[in-house]
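Me: I'd like to go through the contacts in this one and check each label against its cut-off. Can you take me through it?

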Amino acid sequence: MEETKWEPKVVGFLCHWCSYAGADLSGSARLEYPHNIRIIRIPCSGRVDPMFILRALQNGVDGVIVSGCHPGDCHYQSGNFHARRKFAVIRRLLDYVGIEPERVQFSWVAASEGPKMAQVINEFVEGVRKVGPNRLFKDERRDGE
Amino acid sequence: MVESSQNENIEILTYSEVEEVGGYIGNFDVKIRKKARFVDIDKCTGCGTCYQKCPVKVPSEFDMEMGMRKAIYVPFPQAVPNVPVIDKEHCRMFTKGKCSICQKLCQADAVDYEQKDEIIEDRFGAIVVATGYDLFDASVYGEYGGGRFKDVITGLQLERLISPAGPTGGHIKRPSDGKEPKNVVFIQCVGSRDIEKGVPYCSNVCCMYTAKQAVLLKEHLPEVQTNIFYMDIRSAGKNYEQFVQRTMEQYGALYIRGRVSKIYQRGDKLIVKGADTLVGIQVEVEADMVVLATGITPRHDSKNLAGILSIPYDQFGFFTELHPKLAPIETVTSGIFLTGACQAPKDIPDTVASASGAAAKVASLFSSDEMSMEPLVSTIDTAVCSMCKACVEVCPYGAIQEEEITLRDGTKKKQLIVLESVCHGCGACVSTCRSSCIMLRGMTDEQIFDELMAVAQ
Amino acid sequence: MAYGYYPGCSSHGTAREYDISTKKVCERLGLELKEVEDWNCCGASPAHATSEELSLALPFRNLALAEKQGLNSIMSTCSACYNRLKVADEILKNTPEISSRVSEIVGESYNSSLKVIHFLDLISKELGIERVKEKVQKPLADIKVVSYYGCLLTRPPEFVSVDPDPENPTVMEEIIGALGAEAPDWSHKTECCGASLALSRTDIVLRLSGEILKSARFADADCIAVACPLCYANLDMRQAQISSMHGVDYSLPVLFISELIGIALGIGYKELGMNKHMVSAKTLLTEKGLI
């Protein structure tokens, strides 16, 4: 059987007003970022529940990135501050459980920062590629569910 | 102002304070205290006999303490309504229990020392905040005399001297001896652009009002020489730059780029020591009068008002707009709008523009009985909600409120609801809720998990 | 309770009369002074213009020695010494890294236990102006004394605290008032005299000190009160030169505040060392019947 080379499959939760628009902009500017990322649009980075990250890893996704507006610029005033706090807490849990830091990342990207969004995704995917496929946390029972 | 007072759709409540605001857009419950002025508005004819005959004189706040008013007074001749108010702190009737000259002389029987404050509680659809500014207190600049020199005055004080209705009848006279000044120095940026004094911002209006005052001084006193010490001239408005050039060319104003380091009194003159940085020398001017272009600060009680309205303010006390570029008139609280200098220092054309904007927004809000909104708002499953209120703390808009409902058996129950007209749909509440009883329509946890599943295949 | 006394270099040189009069006045007022043993120069302006470490180490040694001696305060009559001691004390108190480095350089340790004060603090805050008033035997009636504070007594206001208002201090005027003299307000209370540029840029000192003398004359002053040897040096020693430059005979005696207090307490002219002044106060004081 032909062994297809493993490609990381990562999920990005991008906030609608800044990061998602930034990714859109990089697209219209024809800047390339890896196809490995699947973007899920959310209204605000504050919408992200830590469960999303865990469920994603459970489902075999190799990495998760959450991206929001720059501090002070949140479209909803304070959502990204709450996201940052939640992220700080869940980071400790993930470390404890043994999930490599390269797998779960957090970034601030503004709507005008097309090149930065492409760069962030690029670097993230490379980071995940380095730590290899997510075998430890994939819930095998979920296969085919 | 008179036009507004005669419009049947406008009710002007003067000498009143907003004490409490509850509710939300379209339904603000406001408590107003109409303070007792001790004169019956309906009876008073505005004849003015009372304040003509009142024996007590008090420094006039409107004349920036350069003139006097009486204990019963109208702040300025064009005041609306043209009904006087009694200053309790200085009126002899209130402080000593004797006098009552105004009551005896009033032919309309309008003076009423027993008048009480009146509380008005009503529901309003929108609130426009236009509370204006306070002037920076220049006495903190000890090097400019700290308020001790009589002939060192502020720009607003000069306005009163120039005004024909002012304390000197429009004649420019030195406060110390009443003589006409021959050499006047203006100092820009007193209480603006000064981090050390806690005011790093530019007050916007001073460069232009100083130029205007230099022009008016020259028109009143053709022999006067004006000297203006500046850092930069900010004349960005329409025709403003041409106005400043005319001030220099036609009205002979001498603009000196540099700060003033010290003012001291020598005899009846003021010696102003500064620098001319464009030439690179120290400058000493012997002036008859010095005018400090004092800066704009938020009103001293602005933080208090912000608390009552539940709107945010910045580190100085200016009220915070929803977005500095894209929404300078709205606040995070839907239905509360800002206009004028309470939001940021601004001049008359900009204030009129922002006021028109606020009026337009209110008009469009009121143009129909129902508001249409984005449906992607949060909603609470009250059966599961334990009222821990963690969601209330993270909501930036105050959209989650308590309400009391009556059950079918007549008992009352408190519960939390999301005000759909206030919710902006950010979802911070959803990720905070411990019991997953609040959900964001269109972006529920289940919907996101489904997306995740699809992506992970 | 004894107060630690830090005389400073000028007290043994150009301002010997300041030292003499201070000691005599404190004796008369019942204030015990104990000189700091083996004190060194505070560094004044030259030190902080060349090396920050040096400018902190020099005062530090004095503070450390005073503490070791068992004193709980250190009082200086010179405003430059007071300024350097106070600034060093505050900086060392608030930055432990600098404090340990300086301690290493000097080879002493200091626990920030001293109260650092100026002679004016001693009189107005420690003793109290009322107590001085009680002991006045010869009120300085009919004399107009303007108070010259110079730069360093009130600035920088975050560190030094002789008077709460750095632009318009009044503590010396209050003392002078208690002595019975008139202390008129004048324009050059805190204007620079040229300070230590006396040798390198004498022209600047002549110009700035000249302005001060001119303003004192304008305020109708009979004499100028100072609380610093350097202010005194510029205004007194350069007065003749300035007078001839301006074509005016100023004849304004420049007196140390301690000398004024001494005269009012009834101590003699020679006893206070006042015969050492270049612009003599003898005529003025004799005229007013004080000596």
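Reply: Here is a run through two interfaces, one between chains and one between domains.

Reply: Some ground rules: this is a predicted model, where local features need pLDDT of at least 70, side-chain atom pairs count only at pLDDT 80 or more, and totals for chains, interfaces and linings use all residues. Residues are numbered from 1 along each chain as its sequence is written, chains are lettered from A and ligands numbered from 1 in the order in which they are written, and side-chain values use heavy atoms, with hydrogens and water left out.

Me: Why is the pair Arg47(A) and Asp445(B) called a salt bridge?

Reply: The label needs a side-chain nitrogen of Lys or Arg within 4 Å of a carboxyl oxygen of Asp or Glu. Arg47(A) and Asp445(B) have N to O at 2.8 Å, so the pair qualifies. The rule finds one salt bridge across the interface of chain A and chain B.

Me: What makes residues of chain A and chain B count as in contact?

Reply: Heavy atoms within 4.5 Å. On that basis chain A gives 26 residues and chain B gives 25. The chain A side divides into 12 nonpolar, six polar and eight charged residues (nonpolar is Ala, Val, Leu, Ile, Met, Phe, Trp, Tyr, Cys and Pro; charged is Asp, Glu, Lys and Arg; the others, Gly among them, are polar).

Me: What area do chain A and chain B bury?

Reply: About 2200 Å², with carbon and sulfur atoms giving 63%. Buried area is the accessible area (1.4 Å probe) that two parts lose on being put together, summed over both.

Me: Where do the domain bounds in chain C come from?

Reply: From an automatic or database domain assignment, which gives domain 1 (2-118) and domain 2 (137-287). Their C-alpha centres lie 24 Å apart.

Me: How much do domain 1 and domain 2 of chain C bury, and which residues of domain 1 lose the most?

Reply: The two domains bury about 2300 Å² between them, 69% of it on carbon and sulfur atoms. In domain 1, Glu17(C), Tyr18(C) and Arg28(C) lose the most area to domain 2, together 26% of what that side buries.

Me: What holds across that domain interface in terms of salt bridges and polar contacts?

Reply: The rule finds zero salt bridges there, but nine residue pairs in polar contact, both at pLDDT 80 or more. A polar contact is a pair of N or O atoms within 3.5 Å; within protein, one must be able to donate a hydrogen and the other to accept it, and residues adjacent in sequence count only if both atoms are side-chain atoms.
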